Amino acid sequence: MIRTRSKGDPAATQAFAVDLARECVLDKCSDVRILDVRGLSQVCDFVVIASGTSDRQMKSVAQDLEDLGKGRGQPPFRSDRDTGTTWIVVDFVDVVVHLFEPAQREYYDLESLWADAKDVEVPAVAARA
């Protein structure tokens, strides 16, 4: 069994991570990934990483993610943006979402930091028009 930091249902936590990733895809983010960091991280169980197209789009995605969490009774613990809005973090405690401008994503390379994490499939969905 994988050690988890969550006190909740691991399947429900993973489903929430998948839904957050799906929202990123629907909001036209690219290269959306879900990393299962259970047993690797003392901070969260899943990390969602996505690339945005502009600061405006990334702010909109972050708001949609916050609304999704609130609607499910899982409001974000915290949301933070850098001054240029090139990196936005939305922290739902068990799931942390990182929205990056592509160059920032490449620079910080969180995927390498969590290289031992398992990938969780992001369902294929068509982006919103």
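At roughly what angle do the axes of helix 1 and helix 2 cross? The answer is in View C; this is a predicted model throughout.

**View A. Six strands form an open sheet.** The strand order is 3-4-5-2-1-6. The pairing is mixed. Strand 3 (78-81) and strand 6 (118-120) stand at the edges. Each has a single partner strand, so one side of each is left without a neighbour in the sheet. On average, neighbouring strands of this sheet are turned by 20 degrees against each other, direction ignored.

**View B. Strand 2 runs parallel to strand 5.** Strand 2 covers residues 46-51, and strand 5 covers residues 95-100. Six bridges join the two. One facing pair can be picked out here: I49 stands opposite H98 in strand 5.

**View C. Helix 1 and helix 2 cross at roughly 145 degrees.** Helix 2 spans residues 55-71. The two axes come within 10 Å. The crossing is right-handed. Helix 1 brings F16, D19, L20, E23 and C24 to the contact. Helix 2 brings V61, D64, L65, L68 and G69. By class, the contact has six nonpolar, one polar and three charged residues.

**View D. Helix 1 lies across four strands: strand 1, strand 2, strand 5 and strand 6.** The helix is made of residues 10-26. Strand 1 is made of residues 30-36. Helix 1 runs at about 20 degrees to strand 5. Strand 6, also lying under this helix's span of contacts, is an edge strand of the sheet.

Note on methods:
Residues numbered from 1 in each chain as written. Predicted model: local features only at pLDDT ≥ 70, side-chain atom pairs only at ≥ 80, totals over all residues. Heavy atoms only, no water. Pairing = 2+ DSSP bridges. Axes fitted to C-alpha atoms, helices over the stretch in contact; angles between N-to-C directions. Contact = heavy atoms within 4.5 Å. Left-handed = near helix turned anticlockwise from the far one by under 90°. Nonpolar A, V, L, I, M, F, W, Y, C, P; charged D, E, K, R; others polar.
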